[in-house]
Amino acid sequence: MSPTAPYRTLLLDMDGVLAEVSKSYRASILETCHKYGATSITYDVIGDWKAKGGCNNDWKLSLDLINSDPNGQKGLTLEQVTDTFEEFYQGTTGRPGLADTESLIPSKAVLQELRKRANGVGIVTGRPLKDCQKFLKLHGLEDMVDACVCMEDGPPKPDPFPVLECCKRLGIEPSPSVILVGDTPDDIRAAIAAGCKGVGVATPEAAEEQKEKGEPFDKTKLCSAMKDCGADIILEPGFDKLVEYFPEPN
């Protein structure tokens, strides 16, 4: 695959793109499901649901997964599941949160170069604003981002709203020169529905599994699903090669 046009504006999903979340958000989903008896839920099952799309809210996904398991506790409310998820993710007194395991996937050098080349950089994430800001601050990325659109702002991806809203905040008209880099079909669908381009990226854990099997990084279920949705290109974790598709700074 190769990009269909030069890119100029950079929108980034956070989880699986900037933040390595296999031991935080994904683990919080798993722990929440298991606490409520849904022990058939595994990381592979979570990945399969993500590949199908419509799973951008991890709180709701956790509830749906619990309800899908015959042994999962029935009658739970979204509020109950959200509270439990947040206990695992944020931590409680005497127990560190799984959020503390998160790390930055791309190198600072790549992000700094993209910052120089792009005419605007935005975050489009399903995270709550406080979690988004916390990650950006922790990794010194606040000055590299011009706008953030988060869970509280409106309908989630695959609805085009988050992409359109981020373009609006950046003062940029949606067009094929605007890309959203994401790791799920919902990211790609949202970008295309907004009149922009979707660029897929493999997650680190999935790429490592492919490497161990001796298979290409972009042959995972999620990568295949993103291709099927119309991703302009699929990149390796860290998206180093993305720099080549933006014009050099003057």
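Why is helix H1 (residues 25-35) largely enclosed by the rest of the structure? Eight of its 11 residues are buried, so the rest of the structure largely encloses this helix. Buried here means under 20% relative accessible area, exposed means over 50%, and partly exposed lies in between (1.4 Å probe, protein chains only). Accessible areas come from the Shrake-Rupley method with a 1.4 Å probe, and for residues only the protein chains shown count as cover.

The model on display is predicted: local features need pLDDT of at least 70, side-chain atom pairs count only at pLDDT 80 or more, and totals for chains, interfaces and linings use all residues. Residues are numbered from 1 along each chain as its sequence is written, and side-chain values use heavy atoms, with hydrogens and water left out.

**Stop 1: helix H1**

Select residues 25-35, the extent of H1. Helices (H or I, at least four residues) and strands (E, at least two) are DSSP runs, numbered from the N terminus. The buried residues to highlight in H1 are Tyr 25, Arg 26, Ala 27, Ser 28, Ile 29, Leu 30, Thr 32 and Cys 33. Next, display helix H2 (43-52), helix H3 (58-68), H4, H6, H9 and helix H10 (221-228), against which the buried residues of H1 pack. Contact means heavy atoms within 4.5 Å. After H1 comes Gly 37, with a positive phi near 85°.

**Stop 2: Gly 16**

Select Gly 16 in the loop between strand E1 (9-12) and strand E2 (19-20). Gly 16 counts as buried because its relative accessibility is 5%. Which residues is Gly 16 in contact with, leaving aside its neighbours within four places in sequence? They are Val 21, Ile 105, Asp 183, Val 201, Ala 202, Thr 203 and Pro 204. For one of these, Ile 105, a C-alpha to C-alpha distance can be drawn: Gly 16 and Ile 105 lie 7.9 Å apart in space and 89 residues apart in sequence.

**Stop 3: salt bridges**

A salt bridge is a side-chain nitrogen of Lys or Arg within 4 Å of a carboxyl oxygen of Asp or Glu. By this rule there are 17 salt bridges; three are visited here.

Begin with Lys 130 and Glu 86, whose side chains form a salt bridge at 3.7 Å, N to O. This pair links distant parts of the chain, 44 residues apart: Lys 130 belongs to helix H6 (residues 129-138) and Glu 86 to helix H4 (residues 78-90). Lys 130 is partly exposed, with a relative accessible area of 48%, whereas Glu 86, at 16%, counts as buried.

Move to Arg 127 and Glu 102, which are joined by a salt bridge of 3.1 Å, N to O. Here, too, distant parts of the chain are linked, 25 residues apart: Arg 127 is in the loop between strand E6 (121-124) and H6, and Glu 102 is in the loop between strand E4 (95-96) and strand E5 (103-104). Both Arg 127 and Glu 102 are buried.

Then select Lys 157 and Asp 187, with a salt bridge of 2.7 Å, N to O. Lys 157 lies in the loop between strand E7 (147-149) and helix H7 (161-170) and Asp 187 in helix H8 (residues 185-193), so the pair ties together parts 30 residues apart in sequence. Lys 157 and Asp 187 are both buried. Add Asp 13 to the selection: salt bridges that share partners join Asp 13, Lys 157 and Asp 187 into one network.

**Stop 4: backbone features**

Stay at Lys 157 and follow the chain to Pro 158: the peptide bond between them is cis, with omega near 20°. Pro 158 is in the loop between E7 and H7.

Now select Phe 239, in the segment after strand E10 (233-235). Its phi is near 40°, a positive value in a residue other than glycine. Phe 239 counts as buried, with 0% relative accessibility.

**Stop 5: helix H9**

Finally, select helix H9 (residues 204-213), which supplies the largest share, three residues, of a patch of negative charge. Which residues gather in this patch on the surface? They are Asp 44, Glu 208, Glu 209 and Glu 212. Glu 209 lies in H9 and is partly exposed, at 45% relative accessibility. Gln 210 is also found in H9, but Gln 210 counts as buried, at 4%. Not counting residues up to four places away in sequence, Gln 210 touches Glu 215, Pro 216, Phe 217, Lys 219 and Thr 220.

Patches are made of residues with over 30% relative accessible area and no salt bridge, with like charges joined within 9 Å and nonpolar side chains (Val, Leu, Ile, Met, Phe, Trp, Tyr) within 5 Å. Lys and Arg count as positive and Asp and Glu as negative, while His and the chain ends are not counted. The place of a charge is taken as NZ of Lys, CZ of Arg, CG of Asp or CD of Glu.
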